[in-house]
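Work through these exercises with the model open. Each task is followed by a stepwise solution.

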Amino acid sequence: MHVCSIVGARPQFIKAAVVSRKLRTVADETLVHTGQHYDEALSDVFFDELDIPEPEFNLGVESDTHGRQTAKMVAAIEPVIEETDPDAILLYGDTNSTLAGAIVGSKREVAVAHVEAGLRSNNRSMPEEINRVLTDHASDLCFAPSRDAIENLTAEGITDGVFWTGDVMYDAILDARDRSVAQSTILDDLGLAEGEFILATVHRASNADARANLAAILDGLAAAPLPVVFPAHPRTVDRLQEYGLWERATGELEVIDPQGYLDFVRLLDAAERVATDSGGVQKEAFFLETRCVTLREETEWVETVDCGWNRLVGPERSSIREAVSADWQPESTPRPYGDGLAGQRIISLLQQRLADSEPDERL
Ligand code: UD1
Ligand code: UDP
């Protein structure tokens, strides 16, 4: 079996880390990095820290408008598929790199397998939502992290090749949590005490690219009763500067560079709560039992909201202030995202689908 895995953005490196190393013990893998994220702090650090195999191809596409970026990726991925002739293309999540891989796979009639299939925010103005829908509809194998995700696929008529696997980010965090406690010095480095700070991240287009929303988020976070540590995505740094909000951000918040995975997990684990518009961080907060304030009006990770670990607040000053200050508590701690074996399940399912052989005993 030969699988071509396509990654390009920070969360995809973390997800691929769970699958790639194990996959290579039973199959051939060609790892392709589209180059969507290229800063050291958004890319190389994860390959080093998580021992992800060196990509066989780096397409160097970098930042551009969505259409051009996706088109450049499609044009660069196709010859790789032609040259390496894989049995399947393995895709993660909902970025433009995901969509580009799905387009090439379906055009070249290579089986497309999608990890994190079936998630829906039901907000079509979100670029990621379009990427999710199109990728799922172009996929031969949909690996769903939750039962809800399967229902979403069923509602869109996607029923063949759909499998519940659990969530690879749960696998990742189970591995990283203890390692981060043992290895990370970030709390000491920043002079932070456990439970005495709030962590915040913002990078979603609807927040970062709208001055009023970014300003409201800054206002809301600045009103928090604890110091706010803010590892800033480069997109958000650019916008804060462009909108004349940089001085205010650095005055009110502890703005730091994007962190490596172990340091970030340590911060998230130790934070009193987190405020974020990230998809992955909402889930990781839930896994680590850190309360989460999601700076969006909807989420695709609905289970985290239903049980009360996650509160949705739009980019509105007073609701953010209330959510980061009030002492609200979760109602229950279910485990809707599997058992930490999602990566192994994905590999077994790929084997079953692509080869006549039984799943490898080593898994
Ligand atoms: C992308 C994904 C988003 C994902 C996020 C993970 C899409 C549509 N968006 O958003 O789903 O949640 O990655 O972090 O695929 N930039 C740098 N250095 C880099 C990368 C980007 O400075 O290494 C800056 C550039 O100014 C760029 C901007 O960030 O224009 C946005 O980058 P882009 O990859 O388009 O989107 P993200 O916001 O990172
Ligand atoms: N993350 C990280 N360092 C940071 C911020 C986030 O390692 O400074 C990790 C985080 O633990 C999670 C992933 O990046 O695993 C989430 O990525 P991001 O928020 O960029 O994207 P999304 O999940 O929203 O697509």
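**Exercise 1. The shell around ligand 1**

Which element gives the largest share of the shell around ligand 1, and how many residues does it give? Place the ligand relative to the domains as well.

Solution. The model is predicted, so every step below rests on predicted coordinates.

Step 1: list the neighbours. The shell around ligand 1 holds 18 residues, and those that come nearest are Asp39, Ser63, Thr95, Pro234 and Arg235.

Step 2: assign them to elements. Two or more residues come from each of α1 (10–26), α5 (127–138) and α11 (234–242).

Step 3: pick the main contributor. α11 supplies the largest share, three residues.

Step 4: sort by class. The shell around ligand 1 splits into six nonpolar, six polar and six charged residues.

Step 5: place the ligand. Domain 1 and domain 2 both give residues to this shell, so ligand 1 lies between them.

**Exercise 2. The shell around ligand 2**

Repeat the analysis for ligand 2: which element gives the most to its shell?

Solution. Step 1: list the neighbours. Ligand 2 has 16 residues around it, with Pro11, Pro231, Phe264, Ser278 and Gly280 coming nearest.

Step 2: assign them to elements. α1, α13 (261–270) and α14 (279–288) each give two or more residues.

Step 3: pick the main contributor. α14 gives the most, four residues.

Step 4: sort by class. The shell around ligand 2 has eight nonpolar, six polar and two charged residues.

Step 5: place the ligand. Both domains give residues to the shell around ligand 2, so it lies between domain 1 and domain 2.

**Exercise 3. Where the domains touch**

Describe the side of domain 1 that touches domain 2. Which element gives the most to it?

Solution. Step 1: set the bounds. The domain assignment gives domain 1 as 2–167 + 338–354 and domain 2 as 173–325.

Step 2: take the spacing. The domain centres, over C-alpha atoms, are separated by 26 Å.

Step 3: take the contact. 20 residues of domain 1 are in contact with 16 residues of domain 2.

Step 4: find the elements on the domain 1 side. α1 and α2 (44–49) give two or more residues each. α2 gives the most, with three residues.

Step 5: sort by class. This side of domain 1 has ten nonpolar, five polar and five charged residues.

**Exercise 4. Two helices**

Are α1 and α7 roughly parallel or roughly perpendicular?

Solution. Step 1: take the geometry. α1 and α7 (residues 168–183) pack at an angle of about 85°, and their axes are 9 Å apart.

Step 2: classify. That angle makes α1 roughly perpendicular to α7.

Step 3: name the contact residues. α1 brings Ile14, Lys15, Ala17, Val18 and Val19, while α7 brings Val168, Met169, Asp171 and Ala172.

Step 4: sort by class. The contact has seven nonpolar, no polar and two charged residues.

**Exercise 5. The six-stranded sheet**

Which strands stand at the edges of the open sheet?

Solution. Step 1: write the order. Six strands run β10-β9-β8-β11-β12-β13, with parallel pairing.

Step 2: read off the ends. β10 (254–256) and β13 (310–312) each have a single partner strand, so one side of each is left without a neighbour in the sheet.

Step 3: add the twist. From one strand to the next, the twist averages 20°.

Step 4: inspect one pair. β11 (residues 273–276) and β12 (residues 291–294) run parallel and are joined by four bridges. Thr276 stands opposite Thr294 in β12.

Key: Residues numbered from 1 in each chain as written. Chains lettered and ligands numbered in written order. Predicted model: local features only at pLDDT ≥ 70, side-chain atom pairs only at ≥ 80, totals over all residues. Near = placed C-beta within 6 Å. Nonpolar A, V, L, I, M, F, W, Y, C, P; charged D, E, K, R; others polar. Domains from an automatic or database assignment. Contact = placed C-beta atoms within 7 Å. Pairing = 2+ DSSP bridges. Axes fitted to C-alpha atoms, helices over the stretch in contact; angles between N-to-C directions. Parallel < 35°, antiparallel > 145°, perpendicular 65-115°, else oblique.
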